[in-house]
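Reader: I should like to learn how the features of a fold are read from a model. Could we proceed feature by feature?

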Amino acid sequence: MMQTLTARAGDVLIGGGNPIVVQTMCNTHTSDVEATVAQCIRLRDAGAQMIRITVPGQNDVGSVRLIKEKLRAAGVTTPIVADIHFSSQTAISVAPFVEKVRINPGNFHKDHDEARRQFARLLSVCKEHDTAIRVGVNHGSLGDYITNLYGNTPEAMAKAAMEWLGMCVDQGFFNVVVSLKSSNTIVMVDAYRRLAKAMQEEGHVFPMHLGVTEAGNGDSGRMKSCVGISTLLSEGIGDTVRVSLTEDPEAELPAARYLAARYGREIVSSLTSLSITGRDAVANYHSPSYETLLFDVSCDFGKRLMDKDLDNLVLTGDYVDDGGRTVSLEESGKGAYLVDELMQATRRRFYRPEYIACPGCGRTMYNIQAALEEVKSRTSHLKDTVIAVMGCIVNGPGEMADADWGYVGEGNGKVSIYKGRTPMLRHIPENEAVDRLLELIEGDKAI
Ligand code: SF4
């Protein structure tokens with residue numbers, strides 16, 4: 001593990017050689033205090049060591065205080081992280097009441113000079129209240145000031161983070177974690193590698209929070225997350241992880257816990273043999289479950305495929321299904337399917353459309369999980385197309401990064417459809433939205 005500074009959120013130590021910390025985020029409405037408290041308790045029980053809650057605006061600060069009070073009264077000590085977008089004042093207001101504040105430099109304040117002034121104020125409040133900060137840069141929402149200089153690139157992400165970390169150093173504030181997330185595993189890995197190198201050169205290596213953002217759901221979301229996160233963890237980069245899935249947040253924790261345990265050397269792969277000829281590999285597994293197999297394959301071969309040490313992979317062997325039956329990877333076709341998914345996750349070969357979908361959070365005003373499933377089932381024929389399904393109109397369009405098309409829930413049963421960054425249709429009733437999306441895509445292909 002790379003030697004880093006240590007950040008502290010409540011009782012949880014991040015970096016500095018401490019075990020990898022597993023975290024997740026609530027998808028309840030923060031104003032629904034009871035539902036959020038109940039979800040936090042379920043997430044703690046499922047293994048979350050830190051829990052993030054969205055704080056959309058000043059009105060939610062009181063709810064966060066109440067959630068914290070109720071959790072502590074129930075004996076739940078899990079640190080709470082406030083997630084802030086577009087409101088530097090909200091970050092400053094909530095900082096005394098939480099263990100950590102996540103800010104996004106790309107949308108902390110629309111004026112860059114004012115953003116720097118507000119960040120200095122936030123650091124003072126955090127110092128006073130012993131609150132940690134995450135400088136959370138996202139590929140899809142870099143500020144104009146940085147993309148004008150470096151484009152929408154991994155280099156720009158690392159440069160953006162270094163500027164904000166520099167402000168922390170200048171103020172003598174070191175209780176900081178940093179992240180550079182992207183839904184594109186190659187961009188994400190490249191950005192973190194650049195950041196790690198830049199921090200080493202500057203002499204202050206802050207702990208790193210790893211995640212593949214907007215990874216989607218199901219096998220593909222898990223594999224993308226495992227590929228990106230494991231590649232970095234295997235290089236000693238990363239101190240806390242979030243696997244973000246467009247599913248209930250409890251469902252994120254098995255993959256996150258697996259990653260923390262595997263790179264904490266508590267578990268090993270179910271790979272039983274490996275033969276490599278040139279850049280082709282045949283790997284044999286004997287896995288106790290499908291889930292273990294999926295995690296093992298992603299971690300065993302993600303980095304090798306991304307770094308182009310391998311070009312092809314064949315999976316043989318078996319796993320035990322939920323009914324206790326042994327399933328052959330060759331006969332069931334699961335081996336070939338997992339290779340296809342792995343090739344897509346590592347962006348070596350695309351065999352179906354690429355989906356970007358945020359996990360949803362307290363800003364989401366519609367059933368994003370059902371919408372993603374419908375979009376996937378109706379667009380599966382559109383190979384070589386990148387389709388985003390996003391949970392809110394405030395942050396979603398900015399976070400879609402390099403999607404060709406975007407389905408963005410507005411709330412109140414309405415959807416906006418985007419082509420790249422351009423809104424094509426607004427306020428479409430939800431039950432018509434996928435039809436309209438398909439019409440636009442088909443019309444575009446016909447031109
Ligand atoms: S894009 Fe998704 S995860 Fe991000 S703030 Fe909006 S609903 Fe929440």
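Author: The dialogue below goes from the whole chain to single residues. The model is a predicted one.

Reader: Let us begin with the overall form. How many helices and strands are in the chain?

Author: The chain holds 15 helices and 19 strands. Its radius of gyration is 21 Å, close to the 22 Å that the globule rule gives for 447 residues, so the chain is as compact as a globular protein of that length. The C-alpha trace spans about 60 × 50 × 45 Å along its principal axes. Of the 447 residues, 53% count as buried. Among contacts with a separation of 6 or more, 67% are between residues 24 or more positions apart.

Reader: Into which domains is the chain divided?

Author: The division is into domain 1 (6-263), domain 2 (271-345) and domain 3 (355-446). Taken over C-alpha atoms, the centres of domain 2 and domain 3 are separated by 32 Å. For a pair of single residues, one may take E432 and N312: they are 120 residues apart along the chain, and their C-alpha atoms are separated by 41 Å.

Reader: How should the interior be read, and which residues of the largest nonpolar core touch the most other members?

Author: One looks for the members with many neighbours in the core. In the largest nonpolar core, of 107 residues, these are V94, V101, A161, V176, Y192 and L259. Helix α6 (residues 154-170) gives the largest share of this core, nine residues. Domain 1 and domain 2 each supply at least three residues to this core. As a worked case, V101 touches A82, I84, A91, V94, A95, C126, T131 and I133, leaving aside residues up to four places away in sequence. Apart from this core lies another of 27 residues, including Y366, A371, V415 and A433.

Reader: Turning to helices, how does the span of helix α8 agree with its number of residues?

Author: One compares the expected span with the distance between the end C-alpha atoms. At 1.5 Å a residue, the 16 residues of α8 (residues 218-233) should span 22 Å, and the end C-alpha atoms are 22 Å apart, which agrees. Helix α8 is also mostly covered, with 14 of its 16 residues buried. Helix α7 (residues 185-202) can be read likewise: it has 18 residues and reaches 26 Å from its first C-alpha to its last, close to the 26 Å expected.

Reader: Which residues of α7 are buried, and what covers them?

Author: The buried residues of α7 are T185, V187, M188, V189, A191, Y192, R194, L195, A196 and M199. Their cover includes α6, β8 (176-181), β9 (209-210), α8, α10 (290-306) and α12 (334-345). Y192 thus appears in this list and among the core residues that touch the most other members. Just after α7, G203 takes a positive phi of about 95 degrees.

Reader: How are the strands to be read? Is strand β17 largely enclosed or open?

Author: Burial and pairing are read together. Five of the seven residues of β17 (residues 405-411) are buried, so the strand is largely enclosed by the rest of the structure. Strand β16 (residues 386-390) runs parallel to β17, joined by four bridges, and V389 has Y407 as its bridge partner in β17. Between β17 and β18, which run antiparallel, there are six bridges; V408 has S416 as its partner in β18. These two strands form a hairpin with two residues between them, and N412 in the turn has a positive phi of about 55 degrees.

Reader: In what sense do β18 and β19 pair?

Author: Strand β18 (residues 414-419) and strand β19 (residues 422-429) pair in the antiparallel sense over five bridges. Y418 stands opposite P423 in β19. Again the hairpin has two residues between its strands, and G420 in the turn has a positive phi of about 55 degrees.

Reader: Where else does a positive phi deserve attention, and is R265 buried or exposed?

Author: The general idea is that most residues other than glycine have a negative phi. R265 is not a glycine, yet has a positive phi of about 60 degrees. R265 is found in the loop between α9 (253-263) and β11 (271-277). Twelve or fewer other C-beta atoms within 10 Å make a residue exposed; R265 has 7, so R265 is exposed. H427, also not a glycine, has a positive phi of about 55 degrees and lies in strand β19. With 10 other C-beta atoms within 10 Å, H427 is exposed.

Notes. Residues numbered from 1 in each chain as written. Predicted model: local features only at pLDDT ≥ 70, side-chain atom pairs only at ≥ 80, totals over all residues. Core = buried A, V, L, I, M, F, W, Y, C linked by C-beta atoms within 7 Å. Buried ≥ 20, exposed ≤ 12 C-beta atoms within 10 Å, placed from the backbone. Domains from an automatic or database assignment. Contact = placed C-beta atoms within 7 Å. Rg over C-alpha atoms; globule rule 2.2 N^0.38 Å. Expected span 1.5 Å × (residues − 1). Pairing = 2+ DSSP bridges.
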